[in-house]
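User: Hi! I would like a close look at one part of this model, with the cut-offs spelled out as you go.

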Amino acid sequence: MRAPIGPRWLPLIILAFGLLEIPWVIYLLFFQERTGTAQHTHLAVLGLSGGAALLAVMAGLRLWQARPCAAPLSVMTATWMAANLYFAMVLSAVPVVAATVVGFVVAAISAGAVLRDPDERPARWQPLVLFAVAAVMALRLALTFTGTGTSIAADHLRLLVVLYDTAEVVALLGLGLSLRAGRARAGIVFGSMGIVLFFLDAFVNIVVVPSGQAFVAALFYAVVGEVPSIAMCVGAVVLAMRRWTEVAPDPAVGAKMGA
């Protein structure tokens, strides 16, 4: 029987946040606008593509150095790439960038490899591919700035919001249950996913809405929802990493990292 990770109140609060978001998702399913207009799209693309490229570089560096922190960074990279791909697939005005698919697949493979055996050095091709993906996304970002407008029609908006918020619920519930069960690897995965999902949720909501009441509402939701969720996910990942990387006290076991 694994001991719970962190203080006992932390998974309870995380689970409470996840359960409280379920009624919000149900509300959005019926009342969210089906279409809309996204403003300041250049700034949004800068955050989405630029952040994905930066995370790919950070994950690639840690993979090259064979550091345990490559695990959460790779999960975060895969989640960020998946979010970019999801936005592009749901919003007709957003092009699908092939490098995003490659980045998602390689980051997911890298995360699985590190979590499976942290003592084994990752294959050299994994960080190299992530570096190449980051370069392609940076180039694509420059082309976007010069060839597109600053606003787009956001069709399928209800589908985008409902499924995205459902992913947030899954991340919170999975994280809370993982901490209670003492499963460090699962906690790292769900927590790293939650960090990216809630950060991008707050960022996109604040950036793409017009000034006025919608902007104030986006700030309010960020303060009461996304920011606390990000803080809980960060704390949970730190605690899960400590559990995962702690050295067994028995010298006969050696320096193998615990699960």
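Which residues form a nonpolar patch on the surface, and about how much accessible area do they have together?

Analyst: Happy to help. A word on the basis: this is a predicted model, where local features need pLDDT of at least 70 and side-chain atom pairs count only at pLDDT 80 or more, while totals for chains, interfaces and linings use all residues. Residues are numbered from 1 along each chain as its sequence is written, and side-chain values use heavy atoms, with hydrogens and water left out.

The nonpolar patch is formed by Leu19, Ile22, Trp24, Ile26, Tyr27, Leu29, Phe30, Phe31, Phe220, Tyr221, Val223 and Val224, with about 1,200 Å² of accessible area together. Accessible areas come from the Shrake-Rupley method with a 1.4 Å probe, and for residues only the protein chains shown count as cover. Patches take residues with over 30% relative accessible area and no salt bridge; like charges are joined within 9 Å and nonpolar side chains (Val, Leu, Ile, Met, Phe, Trp, Tyr) within 5 Å. A salt bridge here is a side-chain nitrogen of Lys or Arg within 4 Å of a carboxyl oxygen of Asp or Glu.

Two or more patch residues come from each of α1 (9–31) and α8 (213–245), and α1 gives the most, with eight residues. Helices (H or I, at least four residues) and strands (E, at least two) are DSSP runs numbered from the N terminus. Tyr27, for one, lies in helix α1. Tyr27 has a relative accessible area of 42%, so it is partly exposed; buried means under 20%, exposed over 50%, and partly exposed in between (1.4 Å probe, protein chains only).

Now for the interior. The largest nonpolar core has 66 residues, and Ile14 and Trp244 have the most contacts inside it. Such a core is a set of buried Ala, Val, Leu, Ile, Met, Phe, Trp, Tyr and Cys residues joined through side-chain atoms within 4.5 Å. Among the elements that each supply at least two residues of this core are α1 and α8, while α3 (70–90) gives the most, with 11 residues. Leaving aside residues up to four places away in sequence, Ile14 touches Leu172, Leu175, Gly176, Leu179, Met232 and Ala236, where contact means heavy atoms within 4.5 Å.

A polar residue rounds off the picture: Ser110 sits in helix α4 (98–116). Because its relative accessibility is 0%, Ser110 counts as buried. With the sequence neighbours up to four places away not counted, Ser110 touches Leu63, Ser74 and Gln126.
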